[in-house]
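Reader: I am new to this structure. Please explain the terms as we go along.

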Amino acid sequence: MAYEALFAETVLMHGHEGDQINAYLARPFGAGPYPGVVIIHHMPGWDGPTKEIARRFAHHGYVAISPNLHFREGKATPEENSASIRAAGGMPDDRTMGDVQGAVDYLRTLPYLNGKVGVIGYCSGGRQSYLAACTVRGLDAAIDCYGGGVVAKPEALTARQPVAPLDFTKDLPCPLLGLFGVEDTRPSPADTVKTQEALEKFGKTFEFHTYENAGHAFFAVDRPNYRQVAAVDGWKKVFAWFDKYLR
């Protein structure tokens with residue numbers, strides 16, 4: 001039998017405006033080369049389930065990094081950091097994109113990277129993944145998992161999130177996969193249709209899949225929202241997408 005091993009650790013990387021932040025890095029134990037993936041965590045924070053996702057990617061032959069986008073809050077737990085972010089009005093887009101850019105740049109310094117980097121995000125991270133795909137340098141593929149707020153009415157915009165990610169669609173340079181649930185309300189199926197129409201308008205390479213009997217956070221095995229059928233098929237589509245564009 002072939003030998004298998006994973007290596008996972010907390011690393012330090014430079015994010016927005018050069019801030020030094022911590023990130024979780026997971027990779028196969030070997031010389032590679034491996035494709036890279038930036039994992040944008042959900043609003044509940046940089047938590048155990050997010051790190052499990054990183055290890056899952058490593059098991060499938062990727063080097064995965066998940067930056068702690070809430071580290072500046074300085075609280076004792078991911079839940080407290082998340083509550084602080086919510087109270088402040090959400091994540092500032094410029095800061096978040098700076099941190100994601102830092103994660104992409106970090107992966108591109110690794111000697112065992114194959115030269116390709118993708119991004120995936122869940123929940124608020126799905127919105128941020130869409131935004132990153134349109135605005136961050138050095139991405140070769142992107143996946144938006146039920147990202148709410150890609151479509152936003154003017155009254156929903158704030159100083160922290162001043163532009164709807166949808167408005168950057170024309171700048172999207174890489175292929176995009178979207179995975180959604182028909183029972184979700186943010187994004188609603190109507191929002192998903194608007195996003196699809198924008199991608200079609202600008203001739204982008206993309207695939208969208210909306211699952212029956214699934215709502216928001218259907219990948220989350222530790223939450224009541226988990227839907228096995230949608231999650232199992234969704235993971236197959238995630239790896240097929242990244243295998244196609246990152247290997």
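Author: A pocket is an open set of points on a 1 Å grid over the protein atoms alone, where a 1.4 Å probe fits, with protein on both sides within 12 Å along at least five of seven lines. The largest pocket has a volume of about 490 Å³, a volume being the space filled by probe spheres set on the points, joined across faces, edges and corners. This is a predicted model, where local features need pLDDT of at least 70 and side-chain atom pairs pLDDT 80 or more, while totals for chains, interfaces and linings use all residues. Residues are numbered from 1 along each chain as its sequence is written, and side-chain values use heavy atoms, without hydrogens and water.

Reader: What makes a residue part of the lining of the largest pocket?

Author: Lining residues have an atom within 4 Å of a point. The largest pocket has 26 of them, and Arg 127, Gly 148, Gly 149, Gln 161 and Arg 186 are the closest to its centre.

Reader: Why are α3 and α4 called roughly perpendicular?

Author: Both are helices, that is, DSSP runs of H or I with at least four residues. Their axes, lines fitted to C-alpha atoms over the stretch in contact, make an angle of about 70 degrees and lie 10 Å apart. Angles of 65 to 115 degrees count as roughly perpendicular, so α3 and α4 are roughly perpendicular to each other.

Reader: How do you know which residues of α3 and α4 meet?

Author: Contact means heavy atoms within 4.5 Å. Asp 93, Thr 96, Met 97 and Val 100 in α3 meet residues of α4, including Arg 127 and Leu 131.

Technical notes
Axes are lines fitted to C-alpha atoms, for helices over the stretch in contact, and angles run from 0 to 180 degrees between N-to-C directions. Helices (H or I, at least four residues) and strands (E, at least two) are DSSP runs, numbered from the N terminus. Angles under 35 degrees count as roughly parallel, over 145 as roughly antiparallel, 65 to 115 as roughly perpendicular and the rest as oblique.
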